[in-house]
Amino acid sequence: MDPQSPLHPLFVHLPLALATLAPALFGALWLAIRCRWLPLRAWCLAIAAQAALVGSAGLAMKSGEEDAERVERVVAEAAIDRHEERAEWFLGAGIAVLLLAFAPLVAGRLPRAGAIAAYATIAASVGVLALGWAVGSTGGKLVYRDGAAAAWTAGGLGTRQPIDAPHREH
């Protein structure tokens, strides 16, 4: 790995992919459990996927924090702060869904409570997906609109651009 390369882009895609898949995974597993195609313990697969989302989101945030100082040389700090704030919400919501995802297992012997907990988990995972979309959107703007990649080009001597600067279309 080139020490002059940013680490953050290596880690950001996995939590966003998992956030995209989570609602369908939770939904499909719950349907299979309700139809008795799978035992309740199959729900652990969704919990494991959510744990991977949380872990990879934490790694993405850590790498983003490490890259931020260099990016601040070329991008307005306010834009970076917006992205970081959305990432914190995404991680926090991911943790909340992970904790909530255990409820159907705990309430497994109470079918109505287990179903309510599963539906709440599925709905909350859609919320995490929306937050992931917001994180990805602000991250994409940092790179493609605001020029964050310039922090690693030409010796990191890129110039700071105003956040709302007009951009030419190609």
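The paragraphs below lead from the overall fold of a predicted model to a few of its residues.

Residues are numbered from 1 along each chain as its sequence is written, and side-chain values use heavy atoms, with hydrogens and water left out. Because this is a predicted model, local features need pLDDT of at least 70 and side-chain atom pairs count only at pLDDT 80 or more, whereas totals for chains, interfaces and linings use all residues.

The chain contains 6 helices and 0 strands, where helices (H or I, at least four residues) and strands (E, at least two) are DSSP runs, numbered from the N terminus. Along the sequence this gives the pattern α-α-α-α-α-α. Of the 170 residues, 38% count as buried; buried means under 20% relative accessible area, exposed over 50%, and partly exposed in between, with a 1.4 Å probe and protein chains only. Contacts, defined as heavy atoms within 4.5 Å, reach far along the sequence: among those with a separation of 6 or more, 77% come from residues 24 or more positions apart.

Confidence is expressed by pLDDT, the predictor's confidence in each residue, from 0 to 100. The chain has a mean pLDDT of 89, and 88% of its residues reach 70 or more. Over residues 157–170, however, pLDDT stays under 50, although the model has 23 contacts beyond four places in sequence for them. Where pLDDT is low, the predicted coordinates should not be read in detail.

Helix α3 covers residues 43–71, which is 29 residues. From its first C-alpha to its last it reaches 41 Å, close to the 42 Å expected at 1.5 Å a residue; the expected span is 1.5 Å times one less than the number of residues. Helix α3 nevertheless bends by about 30° at glutamate 65, the bend being the angle between axes fitted to the seven residues ending there and the seven starting there.

Glycine 94 lies in helix α4, which comprises residues 77–101. Glycine 94 counts as buried because its relative accessibility is 0%. Not counting residues up to four places away in sequence, glycine 94 touches Gln50, Leu53, Val54 and Val128. Its C-alpha is also 7.7 Å from that of serine 125, although the two residues are 31 apart in sequence.

Helix α4 also holds histidine 83, which is buried because its relative accessibility is 14%. Its partner threonine 138 belongs to helix α6, residues 111–145, and is buried because its relative accessible area is 12%. The two side chains are joined by a polar contact of 2.8 Å. A polar contact is a pair of N or O atoms within 3.5 Å; within protein, one must be able to donate a hydrogen and the other to accept it, and residues adjacent in sequence count only if both atoms are side-chain atoms. The histidine 83 side chain also reaches the backbone nitrogen of glycine 139, at 3.2 Å. Beyond four places in sequence, histidine 83 is in contact with His8, Val135, Thr138, Gly139 and Leu142, while threonine 138 is in contact with His83 and Arg86.

Finally, the cysteines may be considered. Cysteine 35 counts as partly exposed because its relative accessible area is 37%, and cysteine 44 is likewise partly exposed, at 38%. A search of the whole structure finds 0 disulfides, a disulfide being a pair of cysteine sulfur atoms within 2.5 Å.
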